[in-house]
Amino acid sequence: MSSEISKINWNCKLTWKKSTSNTAWCLLGCSIGDFGTIFFFQLSNIAFPTLGIMILAIINGLLTSISLETIILIRQNFKLKNAVRTALGMSFISMVSMEISMNLTDFIFTGGAVLNWYIVPVMLLVGFITPLPYNYYKLKKYNISCH
């Protein structure tokens, strides 16, 4: 795999632009479910373990991201089954890395499952940067994307 990576042209502005756009859409989907879950528990004061909230936030982030990407693909005339398969196949590793990095950032800065004015932008930045090279690589290698 390292020889494959070294053969990729990492200087293509068009691919960086497309992978940046794809990553932003993925981040939007992941953030809705992730932040929504954390915000719900923050507002409701339900006694639930921090790790449990974070795991639930990751799962919900993955589900909302897959849903958003599936809707985007259906609007591009994909059949539902193919849209779900494509969203899962091309983006799942990206989404998981994004979710883990966002929640790890939250944990490092706040102790976990806390949203405030200074942590959200940091979480979004880390969540965006983490999968970006992978998304670029996938675009270069397969020349296909979800968006």
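**Cysteine environment and aromatic contacts**

In the predicted model, Cys30 is buried, its relative accessible area being 0%. Across the structure, 0 disulfides are found, and Cys30 accordingly takes part in none, the nearest cysteine sulfur being that of Cys26 at a distance of 4.3 Å. Because a disulfide requires a pair of cysteine sulfur atoms within 2.5 Å, the separation of 4.3 Å between the sulfur atoms of Cys30 and Cys26 does not qualify. Cys12 is likewise classed as buried, with a relative accessible area of 18%, a value that falls under the 20% limit applied to buried residues.

Turning to the aromatic side chains, a search of the whole structure returns 6 aromatic pairs. One of these is formed by Trp10 and Tyr136, whose rings are stacked, with 5.0 Å from centre to centre and an angle of 20° between the planes. Trp10 is located in the loop between α1 (2–7) and α2 (13–44), whereas Tyr136 belongs to helix α6 (residues 132–142), so that the pair ties together parts that are 126 residues apart in sequence. With regard to accessibility, Trp10 is partly exposed, at a relative accessible area of 29%, while Tyr136 is buried, at 0%. The stacked arrangement of Trp10 and Tyr136 therefore joins a partly exposed ring-bearing residue of the loop to a buried one in helix α6. Trp10 and Tyr136 also belong to a cluster, linked by ring pairs, that includes Trp16.

Terms used: Residues numbered from 1 in each chain as written. Predicted model: local features only at pLDDT ≥ 70, side-chain atom pairs only at ≥ 80, totals over all residues. Heavy atoms only, no water. Buried < 20%, exposed > 50% of the residue type's maximum accessible area, 1.4 Å probe, protein only. Phe/Tyr/Trp six-rings, centres within 6.5 Å; stacked < 30°, edge-to-face > 60°. Helix = DSSP H or I, 4+ residues; strand = E, 2+ residues; numbered from the N terminus.
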